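Me: I want to go through some labels on this model and ask what stands behind each one.

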Amino acid sequence: MQKANINGKVWKFGKDIDTDLIIAARYLNTSVPEELAKHVMEDSDPEFVNKMTAGDVIVADENFGCGSSREHAPIALKAAGIAAIIAPTFARIFYRNAFNMGLPIFELKEANEIKEGDTISIDMNAGTITNESTSKTYNFTPIPAFMQELIDAGGLMNFAQNEIEGKK
């Protein structure tokens, strides 16, 4: 495991943020990550991409990523520079797509205690999230090693490519 820590500013979103709110269907005429990134979370907060900076973290309420199974949603978030997403629960297909795209996500039942504008640090190896603004630390189940390898590689395709090249 190489990337052990994530530090960033928090942006809050509510319950049941579906993939259409993450990246609206009207932008799905491209799969170019940089183009998708320009419109991430636009229907939830039209100014989001102008306010956030690379390395920031989204903290949401339950069922983040529900709706359609499009992998464009985690692609857009990652391309926009979102370092991680924290929520009490994720839609299962989004959960899998996020790891496949190399976007770390963390299930934390106390996510609603973290406020927008807080600064947090995530220690992926220790399984802790520390709210630097309140000095409160939360525990989560660390990401399994094989899924951490997907994150470290930047996603499933990169992981597979590395495996192929390693066997030559």
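Me: What covers the buried residues of H4?
Reply: The cover includes helix H1 (19-22), helix H2 (33-37), strand S2 (57-60), strand S3 (84-87) and H5. Helices (H or I, at least four residues) and strands (E, at least two) are DSSP runs, numbered from the N terminus. This is a predicted model: local features need pLDDT of at least 70, side-chain atom pairs count only at pLDDT 80 or more, and totals for chains, interfaces and linings use all residues. Residues are numbered from 1 along each chain as its sequence is written, and side-chain values use heavy atoms, with hydrogens and water left out.

Me: Why is H4 called largely enclosed by the rest of the structure?
Reply: Seven of its nine residues are buried, so the label follows. They are His72, Ala73, Pro74, Ile75, Ala76, Leu77 and Ala80. Buried means under 20% relative accessible area, exposed over 50%, partly exposed in between (1.4 Å probe, protein chains only).

Me: Why are H4 and H5 called oblique to each other?
Reply: H4 (residues 72-80) and H5 (residues 92-101) pack at about 45°, with axes 8 Å apart. Axes are lines fitted to C-alpha atoms, for helices over the stretch in contact, and angles run from 0 to 180 degrees between N-to-C directions. Angles under 35 degrees count as roughly parallel, over 145 as roughly antiparallel, 65 to 115 as roughly perpendicular and the rest as oblique. H4 and H5 are therefore oblique.

Me: Which residues make that contact?
Reply: H4 gives Ala73, Pro74, Ile75, Leu77 and Lys78; H5 gives Phe94, Asn97, Ala98 and Met101. Contact means heavy atoms within 4.5 Å. By class there are seven nonpolar, one polar and one charged residues. Ala, Val, Leu, Ile, Met, Phe, Trp, Tyr, Cys and Pro count as nonpolar, Asp, Glu, Lys and Arg as charged, and the others, Gly among them, as polar.

Me: Why does Asn97 count as buried?
Reply: Asn97 has 8% relative accessibility, so it counts as buried, the limit being under 20%. Asn97 lies in H5. Leaving aside neighbours within four places in sequence, Asn97 contacts Ser69, Arg70, Glu71 and Pro74.

Me: What makes H5 and H6 oblique?
Reply: The axes of H5 and H6 (residues 145-153) cross at roughly 55° and come within 7 Å. H5 and H6 are therefore oblique to each other. Tyr95, Arg96, Phe99 and Asn100 of H5 meet Met147, Leu150 and Ile151 of H6. That contact divides into five nonpolar, one polar and one charged.
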